[in-house]
Amino acid sequence: EYTSHGHCGIVKEVAPGKYEIVNDETVELLAKEALSHAEAGADMVAPSDMMDGRVSAIRKILDENGFQNVPIMSYAAKYASGFYGPFREAAESAPKFGDRKSHQMDPANSDEALREIALDLQEGADIVMVKPALAYLDVIYRVKQEFKVPVAAYQVSGEYSMIKAAALNGWIDEQRIMLETLTAIKRAGADLILTYFAKDAAKVLKQQI
């Protein structure tokens, strides 16, 4: 979803100047959105909101409407990270108040990631994602070792931008560092990597075949 206030769900004022994201009402909308994507031809739906119970709700509404074969890639371990900054600035999606720590994960906690992923798999997720990637290679590794399911990792805008900026300053070899970081993510256990380097990496890898 895309919200004017920058948060990943419906926000209600619970006291003067105090706001909360309401989980259940948000999940209802997420399920409707996922169905609309499937009806429009999406091959996969990928909820990124981190609301509780959304995978189960999405699986239910897809199955009830004949989309049993549309898989769900859940942003199952999405951390409250500073690495999202460049994207949020470009998309004008930074929270207009507060932050997303109420529903995104504490960067210091890796055990929580395993609990969240176990719940999403029980609810019907087909692929689980860890986001960001480079600062959470240990989480990617633990998830792959624990669950033996398809694991995606998202090399986000901040990770991409740091490499680009350093390369522009002549501090690093961009192509070499791009491949080294992607290799690290793969080595940690990712089966699928989402990255802003996708086209550049594809060109380089094609040349090496």
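Here is a quick tour of the aromatic rings, the lysine that sits over two of them, and the nonpolar cores. Keep in mind that this is a predicted model. The structure holds five aromatic pairs, and the largest nonpolar core counts 31 residues.

**Aromatic pairs**

- Let's start with Tyr79 and Tyr136, a stacked pair with ring centres 4.2 Å apart and planes at 15° to each other.
- This pair ties together distant parts of the chain, 57 residues apart: Tyr79 is in the loop between strand E3 (73–78) and helix H3 (85–91), and Tyr136 is in the loop between strand E4 (127–131) and helix H5 (137–147).
- Are these two rings' residues buried or exposed? Tyr79 is buried, at 0% relative accessible area, and Tyr136 counts as buried too, at 6%.
- Tyr160 and Tyr196 also pair up, but this one is tilted, with 5.6 Å between centres and 40° between planes.
- Here again distant parts of the chain are linked, 36 residues apart: Tyr160 belongs to helix H6 (residues 157–168), while Tyr196 is in the loop between strand E6 (192–195) and helix H8 (198–208).
- Tyr160 is partly exposed because its relative accessibility is 22%, and Tyr196 at 36% is partly exposed as well.

**The aromatic cluster and Lys131**

- Tyr160 and Tyr196 belong to one aromatic cluster along with Tyr75, Tyr154 and Phe197.
- Which ring of that cluster has the charged end of Lys131 over it? That would be Tyr154, with the charged end 4.5 Å from the ring centre.
- Lys131 also lies over the face of Tyr84, at 5.2 Å from that ring's centre.

**Nonpolar cores**

- In soluble globular proteins, nonpolar side chains tend to be buried together.
- Within the 31-residue core, the members that touch the most others are Val128, Ile140 and Val143.
- Several elements chip in at least two residues each to this core, including helix H1 (23–40), helix H2 (54–64), helix H4 (111–123), strand E5 (151–155) and helix H7 (174–188).
- Which element gives the largest share? H5 does, with four residues.
- Setting aside neighbours within four places in sequence, Val128 is in contact with Ser74, Ala76, Ile117, Leu121, Val143, Val149, Pro150, Val151 and Ala152.
- Ala152 turns up again in a second, separate core of eight residues, which also includes Tyr75, Met129 and Tyr154.
- Tyr75 and Tyr154 are thus names to look for twice: they are in this second core and in the aromatic cluster.

Methods: Residues numbered from 1 in each chain as written. Predicted model: local features only at pLDDT ≥ 70, side-chain atom pairs only at ≥ 80, totals over all residues. Heavy atoms only, no water. Phe/Tyr/Trp six-rings, centres within 6.5 Å; stacked < 30°, edge-to-face > 60°. Buried < 20%, exposed > 50% of the residue type's maximum accessible area, 1.4 Å probe, protein only. Lys NZ or Arg CZ within 6 Å of the ring centre and 35° of its normal. Core = buried A, V, L, I, M, F, W, Y, C linked by side-chain atoms within 4.5 Å. Contact = heavy atoms within 4.5 Å.
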